[in-house]
Amino acid sequence: MTRCSQHAFQNWLNKNAKPFKWDWRHQLFLYKALHRVTTGACKRLIITMPPRHGKSETVTIRYAAWRLERDPKLNIILGSYNQKLANRFSRRIRAIVEERIPLAKDKRSADEWETKVRGGVKAVGVGAGITGFGGSLVIIDDPVKNRAEAESRTMRDNVWDWFNDDIYTRLEPGAAIILIQTRWHEDDLAGRLLKQSADGGEAWERVDLPALAEESDPLGR
């Protein structure tokens, strides 16, 4: 991985993603966490923010594209609550990347595409297998569609099993995972991972920015 300053991703956004504004306080806070993922200082990151705050645009789409531009050999697994949404994210990333680096001509579908040096993106919905593809960066964006699904114990168990049996088994050595979601239920995927962490399991860093500021708000609201 090439070295970067803490502001490299933001500078890339300012240059390549106009006319969007990329210096809101919550974005600046998020960039610091993403910088730790980029440098390898953070291997497990949970981002919880309300809807319509640019989580997907910033991380799932732009950050993934930036990482591939910097390292075309990088393999990214992109998961979401269904295949249709995962494919939509994948197409958005591909549209950005193909303007900057050459892509392979023999693998260009929405659910799996590659760069010429065989990095690329594998898009999967919850429940789908990932046979034959390993990921150095995993981005899971909203594994549950809405509150109604989050209230279902069966759905929560399905997401948990998919994460452990399919996603986790495809990690390459040293891989990073970013989980992005709106919290609908205490027992959702983020909740279970954090509970597991508190019980002595794998440590997860958090970017937790609720719509209404709480005590010790990280943005000082």
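**View 1. An aromatic cluster in the predicted model.** In this predicted model, one aromatic cluster is formed by Phe9, Trp12, Tyr31, Tyr63 and Trp66. Across the structure, the count of aromatic pairs comes to eight, and the next two views show pairs that involve Phe9, one with Tyr63 and one with Trp66.

**View 2. The edge-to-face pair of Phe9 and Tyr63.** The rings of Phe9 and Tyr63 are 5.4 Å apart, centre to centre, with 80 degrees between their planes, and they form an aromatic pair that is edge-to-face. Because Phe9 belongs to helix α1 and Tyr63 to helix α3, this pair ties together parts of the chain that are 54 residues apart in sequence. Phe9 and Tyr63 are both buried.

**View 3. The tilted pair of Phe9 and Trp66.** The ring centres of Phe9 and Trp66 lie 5.2 Å apart and the planes stand at 45 degrees, so this pair is tilted, the range for that class running between stacked, under 30 degrees, and edge-to-face, over 60. With Phe9 in helix α1 and Trp66 in helix α3, the pair ties together parts that are 57 residues apart in sequence. Phe9 has a relative accessibility of 5% and therefore counts as buried, and Trp66, with a relative accessibility of 5%, counts as buried as well; the cut-off for this class is under 20%.

**View 4. The crossing of helices α1 and α3.** Helix α1 (residues 8-16) and helix α3 (residues 55-70) have axes that come within 11 Å and cross at roughly 100 degrees, which means that α1 is roughly perpendicular to α3. On the α1 side the contact is made by Ala8, Phe9, Trp12, Leu13 and Asn16, while α3 brings Thr58, Arg62, Tyr63, Ala65, Trp66 and Glu69. When these contact residues of α1 and α3 are divided by character, seven are nonpolar, two polar and two charged.

**View 5. The hairpin of strands β3 and β4.** Strand β3 (residues 103-109) and strand β4 (residues 112-115) run antiparallel and are joined by three bridges. The connection from β3 to β4 is a hairpin that passes through two residues. One of the bridge partnerships can be located by residue, since Ser109 has Glu112, in β4, as its bridge partner. As a general point for reading such a view, side chains in a regular strand alternate between the two faces of the sheet.

Notes:
Residues are numbered from 1 along each chain as its sequence is written. This is a predicted model: local features need pLDDT of at least 70, side-chain atom pairs count only at pLDDT 80 or more; totals for chains, interfaces and linings use all residues. Side-chain values use heavy atoms; hydrogens and water are left out. Axes are lines fitted to C-alpha atoms, for helices over the stretch in contact, and angles run from 0 to 180 degrees between N-to-C directions. Helices (H or I, at least four residues) and strands (E, at least two) are DSSP runs, numbered from the N terminus. Angles under 35 degrees count as roughly parallel, over 145 as roughly antiparallel, 65 to 115 as roughly perpendicular and the rest as oblique. Contact means heavy atoms within 4.5 Å. Ala, Val, Leu, Ile, Met, Phe, Trp, Tyr, Cys and Pro count as nonpolar, Asp, Glu, Lys and Arg as charged, and the others, Gly among them, as polar. Two strands pair if DSSP finds at least two bridges between them. Rings of Phe, Tyr and Trp (its six-membered ring) pair if their centres lie within 6.5 Å; planes under 30 degrees apart count as stacked, over 60 as edge-to-face and the rest as tilted. Buried means under 20% relative accessible area, exposed over 50%, partly exposed in between (1.4 Å probe, protein chains only).
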